[in-house]
Amino acid sequence: MDDTAPYLILFAIVLGVNLMPAFGPPTWSIIVLYGINTSLPLFMIVLTGAAAAAIGRYLLAIAFRLLGGHVPQRTRHNLAAARAVFERNRRGGILALALFALSPVPSAQLFEAAGLTGVRLLGFTLAFFAGRLVSYTVYGLSAQTIRHSSLGEVLAAGLTSPLGIAVQLAMIAALIALTRIDWQKYLNGHASRQD
C-alpha cells in the first residue's frame with residue numbers, strides 16, 4: 001500500500017463528514033479511532049484531519065451561500081443586516097469565533113449561518129483550522145492512552161446519544177432563528193445609540 005493512502009483515506013472520510021449539514025459523526029471521534037487503530041504519527045493524523053475538516057466546512061458554507069440566493073427577499077435583507085451586525089462588532093465576533101474554534105460544539109450550523117449571512121469565510125475557516133489543531137491534538141493524545149474501542153461503538157454513540165441529537169437539533173433551531181431575527185431593527189437601534 002502507498003504511504004500516502006492512509007492519509008488520503010482519512011482526508012476523504014473527514015472531508016465527507018464535514019460536508020454533512022447535520023447529524024454527521026464528530027470529527028474528533030475519527031481522530032481518536034485513527035490514533036487508537038493505526039500507527040500513523042499523531043501530528044500527521046491531526047494535521048490531515050484539521051485540514052480536511054476546515055476544507056469541508058468551508059465548502060459547506062459556500063453551498064449555503066449559494067442556497068442563500070434562493071431564500072425570500074425579506075430573509076436575504078435580514079441576513080445582510082446580520083452580517084453587518086457581526087462585522088460591526090469585531091471584538092465580540094473574534095472572541096465568539098475563538099471560543100467556537102476551540103470548543104467541541106458541532107460546527108456545521110455555524111458554517112451554514114456564516115454562508116447564509118455572507119460573512120467573510122477565510123478568517124472564519126482559518127480560526128476553525130487553528131482551533132481544531134489544538135482540540136484534535138488533545139483528543140489524539142487521549143486516544144493513545146486508550147487502545148480498546150470499536151469504530152461502530154464510537155460512531156453509534158456520536159449519532160444516537162440523546163445529548164448529541166439534542167445539540168444537533170438545538171443548533172438547527174438556532175440556524176432557523178438566525179434567519180427570523182429582525183437584524184435590521186437591531187442594526188438601526190445600535191446605530192442610533194452611537195449618535
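The legends below accompany several close-up views of a predicted model.

Because the model is predicted, local features need pLDDT of at least 70 and side-chain atom pairs count only at pLDDT 80 or more, while totals for chains, interfaces and linings use all residues. Residues are numbered from 1 along each chain as its sequence is written, and side-chain values use heavy atoms, with hydrogens and water left out.

**View 1. The whole chain, with ten helices and zero strands.** The elements run α-α-α-α-α-α-α-α-α-α from the N terminus on, where helices (H or I, at least four residues) and strands (E, at least two) are DSSP runs, numbered from the N terminus. Of the 195 residues of the chain, 38% count as buried; buried means under 20% relative accessible area, exposed means over 50%, and partly exposed lies in between, with a 1.4 Å probe and protein chains only. The chain exposes about 10800 Å², of which carbon and sulfur atoms supply 70%; accessible areas come from the Shrake-Rupley method with a 1.4 Å probe, and for residues only the protein chains shown count as cover. Among contacts between residues at least 6 apart in sequence, 85% join residues at least 24 apart, a contact being heavy atoms within 4.5 Å.

**View 2. Helix 1, residues 5–18, and the helices it packs against.** The 14 residues of helix 1 reach 20 Å from the first C-alpha to the last, close to the 20 Å expected at 1.5 Å a residue; the expected span is 1.5 Å times one less than the number of residues. Buried in helix 1 are Ala5, Tyr7, Leu10, Val14, Val17 and Asn18, and the buried residues of this helix pack against helix 2 (27–37) and helix 3 (42–68).

**View 3. Thr27 in helix 2 and Phe23 in the loop that precedes helix 2.** Thr27 counts as buried because its relative accessible area is 6%. When residues up to four places away in sequence are not counted, Thr27 touches Val14, Val17, Asn18 and Tyr136. Phe23, in the loop between helix 1 and helix 2, is partly exposed, with a relative accessible area of 35%. The C-alpha atoms of Phe23 and Leu169 are separated by 8.9 Å, although these residues are 146 residues apart along the chain.

**View 4. The largest nonpolar core, with 23 residues.** Such a core is a set of buried Ala, Val, Leu, Ile, Met, Phe, Trp, Tyr and Cys residues joined through side-chain atoms within 4.5 Å. The residues with the most contacts inside this core are Leu10, Val14, Ile30, Tyr34, Ile45 and Tyr136. Helix 1, helix 2, helix 3, helix 6 (108–117) and helix 7 each supply at least two of the core residues, and the largest share, eight residues, comes from helix 3.

**View 5. Ile45 in helix 3 and its contacts.** Ile45 counts as buried because its relative accessible area is 0%. Leaving aside neighbours within four places in sequence, Ile45 is in contact with Leu10, Ile31, Tyr34, Gly35, Thr38 and Leu40. Ile45 and Tyr7 are 38 residues apart in sequence, and their C-alpha atoms are 7.4 Å apart in space.

**View 6. A nonpolar patch on the surface, formed by Leu19, Ile55, Tyr58 and Leu59.** Together these four residues have about 320 Å² of accessible area. Patches are made of residues with over 30% relative accessible area and no salt bridge, with like charges joined within 9 Å and nonpolar side chains (Val, Leu, Ile, Met, Phe, Trp, Tyr) joined within 5 Å; a salt bridge is a side-chain nitrogen of Lys or Arg within 4 Å of a carboxyl oxygen of Asp or Glu. Ile55, which is found in helix 3, is partly exposed, with a relative accessible area of 39%.

**View 7. Helix 6, which is mostly covered.** Nine of the ten residues of helix 6 are buried, namely Ala108, Gln109, Phe111, Glu112, Ala113, Ala114, Gly115, Leu116 and Thr117. Just after helix 6, Gly118 takes a positive phi of about 80 degrees.

**View 8. Phe124 and Ala127 of helix 7, shown with Ala54.** Phe124, in helix 7 (residues 121–145), counts as buried because its relative accessibility is 10%, whereas Ala127 is partly exposed, with a relative accessible area of 23%. From C-alpha to C-alpha, Phe124 and Ala54 are 9.6 Å apart in space and 70 residues apart in sequence. For Ala127 and Ala54, the C-alpha separation is 9.2 Å, with their positions 73 residues apart in sequence given as the distance apart.
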